[in-house]
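Work through the exercises below with the model open. Try each task before reading its solution.

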Amino acid sequence: MRENAGVSGEHRGDYQELVDEISALLGVPATLENRDFELIAFGAYDSEGDLDPSALDPVRTRSILTRRSTTAVRTWFEGFGITRATGPVRIPPTPEAGVYRGRICLPVRHRGVVLGYVWLLDDDPGPTDAQLAGAMQVTSRIGALLADEAQAGADLTRELRAVLTAERGWQRDMAVAELRTALGPRGDGLHTVVCVAPWPSADPDDAPSARTVPGTTALCTIPWGTTGQSLALLVRLRSPDVLTPALTAAKPVRTGGRGRPRRGRRPRRRSGSRLPGRDGGRRGRRGREGLGELGAAWREAAAAARAALAEPRFGPVAEWGAIGPFRLLTALPPDAAHDPAVNTLLGTAHRELARTAEVFLDRAGQAGRTAAELGIHRQTLYYRLSRVEQLTGLDLDDGEDRLLLHMALKGARL
């Protein structure tokens, strides 16, 4: 087995190809370890010299067989300044330390940070300066892969939750700055925010790993209602008009935390709100620019999820630009849409009357369409509407009374 089991499958082949490239370029065996001296890949070079038993001194043998070096070996090698070096470091043979042959260490760096080491067995005369310069260019490509993997595996739960829950002002600015720093170059790409709600578990830490959700840069749980939780996903997009990655990312989490199935719950609704990037004008989606708009994008995504729970026709995925009047209703305090005139109508004893009134208003007051949709006679419709007026004291021939009743009925769903 050539690759370190701790390396993601996405890059295993890439690491091996790059190590083989260095081995072929220099004509000597090469070994790649991370900065903790854990083996990632090694390249076997076919030559008579490579068959010499001294090529496999105890240190190299242990590294290959156990896939890591001891703390003592690590400390000894670091004593030659490899953690600070920006170019090749030659280390002489030291038999008493188990190093029978000299080494050349090529530090693997990315943006000035050492992420690993490429080890070469040194010969006389050994690789030329030009060859080593070419090998260092390959190590820069290795460093980019290691950095990408480190960022992909980083747990950004704390940073993302801080941005989504911070108050406006300096607190949010600081949270955004921390998230931007943690994301690095990935923060410059196009993203969408996905809200999965309600999330089955009440435990804030009971969520999948971002590494197991395709395309997800970060995720966290956010309080939902008074006791529940929602799941926030920050998903990378390639195009502002194609939300397929967001839908794909939501699939693995449909059963909830730790793979538990949903039982006795309403279908969860997901909603996406994009950032950064400009709106393309299609399907009414609303664009968001930069990580500074992440909080606003999350509020839109959560609002769309609430609307989809209230109005199934929006689901299973609701977009902010497609939820109509719910964009206003979801922005109101929880009790703001409850008008005293409509309270009696919203009681359990008058559900059929409330549904009749809502369908009538949804159909712009067209009696024929309303009666057909409800499957009742037109005279029955008129009787029900008169009962609605009696219970509410509202005049359905008055535009403002109609608006009040319509919004109160929609708000009650939230």
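Buried means under 20% relative accessible area, and exposed means over 50%. By that cut-off, both F37 and W119 are buried. The model is predicted.

**Exercise 1. The chain as a whole**

Task: state how many helices and strands there are in the chain, and what percentage of its residues is buried.

Solution.
- Step 1. Count the elements: the chain has 14 helices and ten strands.
- Step 2. Take the burial: of the 414 residues, 46% are buried.
- Step 3. Turn to the surface. The chain exposes about 20,600 Å². Carbon and sulfur atoms supply 51% of that area.
- Step 4. Turn to the contacts. Among those with a separation of 6 or more, 61% join residues 24 or more positions apart.

**Exercise 2. Strand β5 and its partners**

Task: decide why strand β5 counts as largely enclosed, and find which strands pair with β5.

Solution.
- Step 1. Strand β5 covers residues 113-121. Eight of its nine residues are buried, so the strand is largely enclosed by the rest of the structure.
- Step 2. Look at strand β1, residues 30-34. Five bridges join β1 to β5, and the two run antiparallel.
- Step 3. Look at strand β4, residues 103-110. β4 also pairs with β5 in the antiparallel sense, over eight bridges.
- Step 4. Place V118 of β5. L32 stands opposite V118, and L106 stands opposite V118 too.
- Step 5. Inspect the turn. β4 and β5 form a hairpin with two residues between them. R111, in that turn, has a positive phi of about 55 degrees.

**Exercise 3. Aromatic pairs around F37**

Task: classify the ring pairs F37–Y117 and F37–W119.

Solution.
- Step 1. Know the descriptors: a pair of aromatic rings is described by the distance of the centres and the angle of the planes.
- Step 2. Set the rule. Rings pair if their centres lie within 6.5 Å. Planes under 30 degrees apart are stacked, those over 60 are edge-to-face, and the rest are tilted.
- Step 3. The count by this rule is eight aromatic pairs.
- Step 4. For F37 and Y117, the centres are 5.5 Å apart and the planes stand at 55 degrees, so the pair is tilted.
- Step 5. Locate the two residues. F37 is in the loop between β1 and β2, and Y117 is in strand β5, 80 residues apart. F37 and Y117 are buried.
- Step 6. For F37 and W119, the centres are 6.0 Å apart and the planes are again at 55 degrees, so this pair is tilted.
- Step 7. W119 lies in strand β5 and F37 in the loop between β1 and β2, so the pair ties together parts 82 residues apart in sequence.
- Step 8. Widen the view: F37, W76, F77, F80, Y117 and W119 form one aromatic cluster.

**Exercise 4. The two faces of helix α6**

Task: compare the expected span of helix α6 with the distance between its end C-alpha atoms, then find where its buried residues fall.

Solution.
- Step 1. Helix α6 has 14 residues, 170-183. At 1.5 Å a residue it should span 20 Å, and its end C-alpha atoms are 20 Å apart, which agrees.
- Step 2. List the buried residues of α6: R172, A175, V176, L179 and L183.
- Step 3. Look down the axis of α6. These buried residues fall within an arc of 100 degrees, so they line one face of the helix.
- Step 4. Check the face turned away from the buried side. The exposed residues W170, D173 and T181 sit there.
- Step 5. Step past the end of α6: G184, just after it, takes a positive phi of about 65 degrees.

**Exercise 5. Strands β6, β7 and β8**

Task: find which strands pair with β8, and whether L219 is buried or exposed.

Solution.
- Step 1. Strand β8, residues 228-237, is mostly covered, with eight of its ten residues buried.
- Step 2. Strand β6, residues 190-199, pairs with β8 antiparallel over eight bridges. C195 has A232 of β8 as its bridge partner.
- Step 3. β7 and β8 are also antiparallel, with eight bridges. P223 has Q229 of β8 as its bridge partner.
- Step 4. Three residues lie between β7 and β8 in their hairpin. G225, in the turn, has a positive phi of about 70 degrees.
- Step 5. L219 is in strand β7, residues 216-224. Its relative accessibility is 4%, so L219 counts as buried.
- Step 6. The C-alpha atoms of L219 and E159 are separated by 9.6 Å, with the residues 60 apart along the chain.

Definitions and conventions: Residues are numbered from 1 along each chain as its sequence is written. This is a predicted model: local features need pLDDT of at least 70, side-chain atom pairs count only at pLDDT 80 or more; totals for chains, interfaces and linings use all residues. Side-chain values use heavy atoms; hydrogens and water are left out. Helices (H or I, at least four residues) and strands (E, at least two) are DSSP runs, numbered from the N terminus. Buried means under 20% relative accessible area, exposed over 50%, partly exposed in between (1.4 Å probe, protein chains only). Contact means heavy atoms within 4.5 Å. Accessible areas come from the Shrake-Rupley method with a 1.4 Å probe; for residues, only the protein chains shown count as cover. Two strands pair if DSSP finds at least two bridges between them. The expected span of a helix is 1.5 Å times one less than its number of residues. The arc is that of the directions from the helix axis to the C-beta atoms.
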